[in-house]
Amino acid sequence: MESADNPGSTVSGSVESESAAGSFEKVKSKKSLKRKRAAAEVEMDCEDPVAPKRPQFPPISGDRLTGGTSEMRKVPVPSHRYTPLKENWLKIFTPIVENLQLQVRFNLKTRNVEIKTCKETQDIGALTKAADFVKAFVLGFQVEDALALIRLDELFLETFDVTDVKPLKGDHLSRAIGRIAGKGGKTKFTIENVTKTRIVLADTKVHILGSFQNIKMARTAICNLILGSPPSKVYGNIRAVASRAAERF
């Protein structure tokens with residue numbers, strides 16, 4: 001009877017039930033929650049950790065690198081190089097003292113060029129560079145060529161004897177040395193220009209100044225000349241090797 005008497009109450013009740021049903025939210029599945037958590041953990045792992053600050057240390061002076069003790073190198077000078085050394089002493093003295101911050105002197109009693117580190121020396125490798133520079137001059141190289149050993153790090157000196165390649169004696173040895181030099185030094189100059197090296201012939205000794213690869217090319221050419229190859233064939237070989245090296249670099 002009440003429901004019949006109040007028809008509006010049934011309508012309002014049905015509307016409330018529909019609105020209540022519409023207010024329900026969809027429950028997320030456990031699998032999707034797990035996937036989201038795993039993705040969040042992966043993102044946290046992928047984030048780069050904050051790099052710690054590098055400590056800033058002041059550069060160590062050369063005096064502290066050597067432990068406060070000074071080092072010395074001695075380069076013996078043969079008698080036939082006394083006069084050139086005396087004439088070019090200012091050119092040798094200036095770069096060693098001003099650029100490398102070293103002390104240098106020529107000991108008249110022992111006939112040695114003595115090079116020593118001091119408090120102003122900053123580069124720990126300066127002593128080796130200076131010793132190589134003086135040694136190159138003593139072996140017969142020009143001061144300008146030997147100076148490249150101070151300016152550049154990838155230059156080296158190599159020395160070998162003609163008799164190390166082939167045991168020659170008498171006129172055969174003289175002819176081998178003549179083949180290396182060529183008429184008026186033409187062969188030697190050609191090898192120097194093609195391989196970008198400097199070569200000194202001192203009796204049976206051969207001194208080569210240059211980079212590792214260039215010294216190898218020059219040494220191969222000189223060895224071929226000692227073994228009897230004609231200069232024209234040697235020229236062709238070193239030009240081919242030099243062109244291949246230029247293409248590679």
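These are my notebook entries on a predicted model of a protein chain.

**Entry 1: the overall picture**

I started with the fold elements and counted 14 helices and six strands in the protein chain. Next I looked up burial: of the 249 residues, 31% are buried. The chain exposes about 17500 Å², and 55% of that comes from carbon and sulfur atoms. I also checked how far along the chain the contacts reach. Among contacts with a separation of 6 or more, 58% join residues 24 or more positions apart.

**Entry 2: the largest core**

Which residues have the most contacts inside the largest nonpolar core? I found I92, I96, L102, V113, I115, F133 and V134, in a core of 27 residues. Then I asked where the core residues come from. At least two each are supplied by α6 (89-99), β3 (112-116), α7 (126-139), α8 (143-146) and α9 (148-151). Helix α7 gives the most, with eight residues.

I picked I92 for a closer look. Setting aside neighbours within four places in sequence, I see I92 in contact with L85, F133, V134 and F137.

A separate core turned up too. This other core has 18 residues, and I noted I191, A218, I222 and I238 among them.

**Entry 3: helix α14**

I238 led me to α14, where I238 is one of the buried residues. First I checked the length. The helix runs over residues 231-248, and at 1.5 Å a residue its 18 residues should span 26 Å; the end C-alpha atoms are 26 Å apart, so the two agree.

Then I listed the buried residues of α14: V234, Y235, I238, A242 and A245. Do they line one face or scatter around the helix? Looking down the axis of α14, I find them within an arc of 100°, so they line one face. The general rule fits in here: with 3.6 residues a turn in an α-helix, residues three or four places apart point the same way.

What sits on the other side? The face turned away from the buried side of α14 carries exposed S232, K233, E247 and R248. As for the cover over the buried residues, it includes α12 (186-195) and α13 (212-226).

**Entry 4: helix α13**

Since α13 helps cover α14, I went there next. It has 15 residues and reaches 21 Å from first C-alpha to last, close to the 21 Å expected at 1.5 Å a residue. Its buried residues make a long list: N214, I215, M217, A218, A221, I222, C223, L225 and I226. Just past the end of α13, I noted that G228 takes a positive phi of about 110°.

**Entry 5: cysteines**

C223 made me look for disulfides. For my own reminder, a disulfide is a covalent bond between the sulfur atoms of two cysteines. How many disulfides does a search of the whole structure find? It finds zero. I looked up accessibility for two cysteines anyway. C223 has 19% relative accessibility, under the 20% cut-off, so it counts as buried. C118 is buried as well, with a relative accessible area of 18%.

**Entry 6: odd backbone angles**

Most residues other than glycine have a negative phi, so I went looking for exceptions. Q101 is one: it is not a glycine, yet its phi is near 55°. I place Q101 in the loop between α6 and β2 (103-107). Is Q101 buried, partly exposed or exposed? Its relative accessibility is 31%, so it counts as partly exposed.

K196 is another non-glycine with a positive phi, about 55°. K196 sits in the loop between α12 and β5 (198-202). At 67% relative accessibility, K196 is over the 50% cut-off, so I put it down as exposed.

**Entry 7: residues apart in sequence**

Last, I checked two pairs. A202, in strand β5, is 62 residues from G140 in sequence, while their C-alpha atoms are 7.9 Å apart in space. A202 is partly exposed, with a relative accessible area of 29%.

For the other pair I took D153, in the loop between α9 and β4 (156-161). How far apart are the C-alpha atoms of D153 and K129? They are separated by 8.6 Å, with the two positions 24 residues apart along the chain. D153 is exposed, at a relative accessible area of 58%.

Note on methods: Residues numbered from 1 in each chain as written. Predicted model: local features only at pLDDT ≥ 70, side-chain atom pairs only at ≥ 80, totals over all residues. Heavy atoms only, no water. Helix = DSSP H or I, 4+ residues; strand = E, 2+ residues; numbered from the N terminus. Expected span 1.5 Å × (residues − 1). Buried < 20%, exposed > 50% of the residue type's maximum accessible area, 1.4 Å probe, protein only. Arc of directions from axis to C-beta. Contact = heavy atoms within 4.5 Å. Core = buried A, V, L, I, M, F, W, Y, C linked by side-chain atoms within 4.5 Å. Disulfide = S-S within 2.5 Å. Areas by Shrake-Rupley, 256 points an atom, 1.4 Å probe, with all protein chains shown as cover.
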